[in-house]
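Subject: The structure I promised you

Hi,

Here is the structure we talked about, with the sequence alongside. Have a look at it first, then read on.

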Amino acid sequence: MPVISKKGRAMPESPIRKLVPYAEEAKERGVEVIHLNIGQPDIKTPQVALDAVRNSDVEVLSYSRTEGTDQYRKKVAAYYAKHQVEVSHKDIIVTTGGSEALSFVMGSIADAGDEVIIPEPFYANYNGFAVAAGVKVVPIISRIEDNFALPPIEEFEKSITARTRAILICNPGNPTGYLYKKEEIEKLSALVKKHDLFLVSDEVYREFAYDGLPHYSILQEPGLEEHSIVVDSVSKRYSMCGARIGFLVTRNRAVITTALKFAQARLSPPTYAQIASEAALETPQSYFDEVIEEYTERRNVLLRELSHIEGIRVARPQGAFYCMVELPVKDADDFAQWLLEKFQLDGQTVMVAPAAGFYATEGLGRNQIRIAYVLEKNRLIRAVAILKEALKQYPSA
């Protein structure tokens with residue numbers, strides 16, 4: 001019998017999606033599942049983006065340029081300029097989602113056996129991109145008691161070896177919601193320059209910063225031009241996850257030239273999605289103001305309701321729309337499955353994301369979950385009430 005590749009066997013399963021069959025079975029039994037497990041916003045996509053596709057006069061749905069259309073990339077560069085980031089459209093490659101941008105980055109900066117340092121917990125798919133590229137993830141532990149702030153810079157430096165190629169961060173963080181301060185970015189900047197490394201920043205949640213705190217991009221950091229690479233996406237910003245449009249942004253010409261070769265292998269990003277994404281750039285600031293206000297209120301409601309549950313510890317998100325919660329259970333994977341298989345409260349249960357899959361260090365996060373507060377406030381209140389009762393009834397709680 002033909003065998004699967006070692007790489008294929010090593011590819012990690014999504015901690016977010018592996019529970020889907022249990023959720024589907026619960027629904028078939030008539031149980032309503034409230035989804036706290038995935039970052040799919042319920043905010044409406046800007047109408048201007050939808051209308052651009054609906055009113056398009058395209059007669060031949062042809063390839064676009066491999067790097068994305070000039071017109072769109074110039075408008076994206078103008079978007080960055082509004083956020084105090086000066087880049088040219090030639091510094092931008094349009095990708096099929098931020099995921100493809102991350103894949104291109106891994107392929108462009110690291111060879112098989114090379115290493116990338118990442119503060120953990122981190123977006124689970126970083127593990128998958130690393131395995132696909134043959135790259136080793138070197139985790140640096142951030143802790144819930146520190147609100148998942150940047151670990152001491154000395155921990156990063158101790159982990160640098162001859163195979164280290166980059167440090168990768170997510171800012172604001174998925175799954176932690178942590179927003180890196182300018183001072184923390186400056187420390188990382190000094191370190192990568194000292195050791196001649198890349199600093200890669202996943203900034204897809206840039207707009208989602210709360211409590212008046214500013215988002216500071218690595219592209220704003222002076223002297224980092226040859227070291228900084230940003231991954232971005234329209235998915236969360238405009239509630240356009242299905243568009244699958246992202247960007248790789250860097251002033252390093254060698255990285256752009258190399259990533260473009262990977263992009264050529266997949267021909268081009270989707271045409272209609274670029275049309276929608278270009279139109280989305282016309283979204284007024286009032287849209288974002290309202291979205292930020294809504295997510296701030298949702299965060300506050302979630303934190304308030306969670307504070308009524310004994311025995312848990314909660315990190316306070318400063319950005320994105322995720323919250324890490326430490327539960328009084330030994331195995332959050334088992335608890336999450338039990339919620340779907342064996343528990344309901346008045347015909348309802350909740351689906352959460354077990355946090356172990358967001359760590360690379362074996363054994364960490366076993367008693368933690370990630371909650372995505374992408375539901376309206378009353379649904380969040382109900383979901384936490386269900387979670388509270390479930391913890392009382394869970395056999396090994």
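Below is what turned up when I went through it, from the overall picture down to single residues.

One thing before anything else: this is a predicted model.

**The overall picture**

The protein has 13 helices and 13 strands. For its 397 residues, a compact globule would be expected to have a radius of gyration near 21 Å, and the protein comes out at 21 Å, so the two agree. Along the principal axes, its C-alpha atoms fill a box of roughly 60 × 55 × 55 Å. Of the 397 residues, 56% count as buried. If you look at contacts with a separation of 6 or more, 76% of them are between residues 24 or more positions apart.

As for the outside, about 17,200 Å² is exposed, and carbon and sulfur atoms supply 51% of that. There are 47 positive and 53 negative charges, and the mean positions of the two sets are 2 Å apart.

**Backbone oddities**

A bit of background here: most residues other than glycine have a negative phi, and most peptide bonds are trans. These spots go the other way.

- E120 and P121 are joined by a cis peptide bond, with omega about 5°. P121 sits in the loop between β3 (115–120) and α6 (125–133).
- The bond from N171 to P172 is cis too, with omega near -5°. You'll find P172 in the loop between β5 (164–170) and α8 (182–195).
- Q84 is not a glycine, yet its phi is positive, at about 60°. Its loop runs between α4 (70–82) and β2 (92–95), and Q84 is exposed, with a relative accessible area of 56%.
- D346, also not a glycine, has a positive phi of about 55°. It belongs to the loop between α12 (332–341) and β11 (348–351). Its relative accessibility is 70%, so D346 counts as exposed.

**Aromatics**

The structure holds 18 aromatic pairs. One of them is Y123 with Y126, an edge-to-face pair with 5.5 Å from centre to centre and 90° between the planes. Y126 has a relative accessible area of 1%, so this residue is buried.

F208 and Y295 make another pair: their ring centres are 5.6 Å apart and their planes are at 80°, so this one is edge-to-face as well. F208 is in the loop between β6 (198–202) and β7 (228–233), while Y295 is in helix α11 (residues 285–306), so the pair ties together parts that are 87 residues apart in sequence. Both F208 and Y295 are buried. They also belong to one aromatic cluster, made up of Y205, F208, Y295, F321 and Y322.

**A buried arginine**

What does R298 touch, leaving aside its neighbours within four places in sequence? This arginine lies in helix α11, and its relative accessibility is 3%, so R298 counts as buried. With those neighbours set aside, R298 is in contact with D42, I43, Y373, V374, L375, E376, K377 and L380.

**A mostly covered helix**

Helix α12 is mostly covered, with 7 of its 10 residues buried. Those buried residues are A332, D333, F335, A336, W338, L339 and L340. And what covers them? The cover includes helices α2 (20–28) and α13 (377–393), along with strands β1 (32–35), β11, β12 (353–354) and β13 (368–372).

**Out at the surface**

Finally, try A112, which is found in the loop between α5 (97–109) and β3. At 58% relative accessibility, over the 50% cut-off, A112 counts as exposed. Apart from neighbours within four places in sequence, A112 is in contact with A133, G134 and R163. To get a sense of scale, go from A112 to V352: these residues are 240 apart along the chain, and their C-alpha atoms are separated by 34 Å.

That's the tour. Give me a shout if you'd like to go through any of it together.

Cheers

Methods: Residues numbered from 1 in each chain as written. Predicted model: local features only at pLDDT ≥ 70, side-chain atom pairs only at ≥ 80, totals over all residues. Heavy atoms only, no water. Helix = DSSP H or I, 4+ residues; strand = E, 2+ residues; numbered from the N terminus. Rg over C-alpha atoms; globule rule 2.2 N^0.38 Å. Buried < 20%, exposed > 50% of the residue type's maximum accessible area, 1.4 Å probe, protein only. Contact = heavy atoms within 4.5 Å. Areas by Shrake-Rupley, 256 points an atom, 1.4 Å probe, with all protein chains shown as cover. Lys, Arg positive; Asp, Glu negative; His and termini not counted. Charge placed at Lys NZ, Arg CZ, Asp CG, Glu CD. Phe/Tyr/Trp six-rings, centres within 6.5 Å; stacked < 30°, edge-to-face > 60°.
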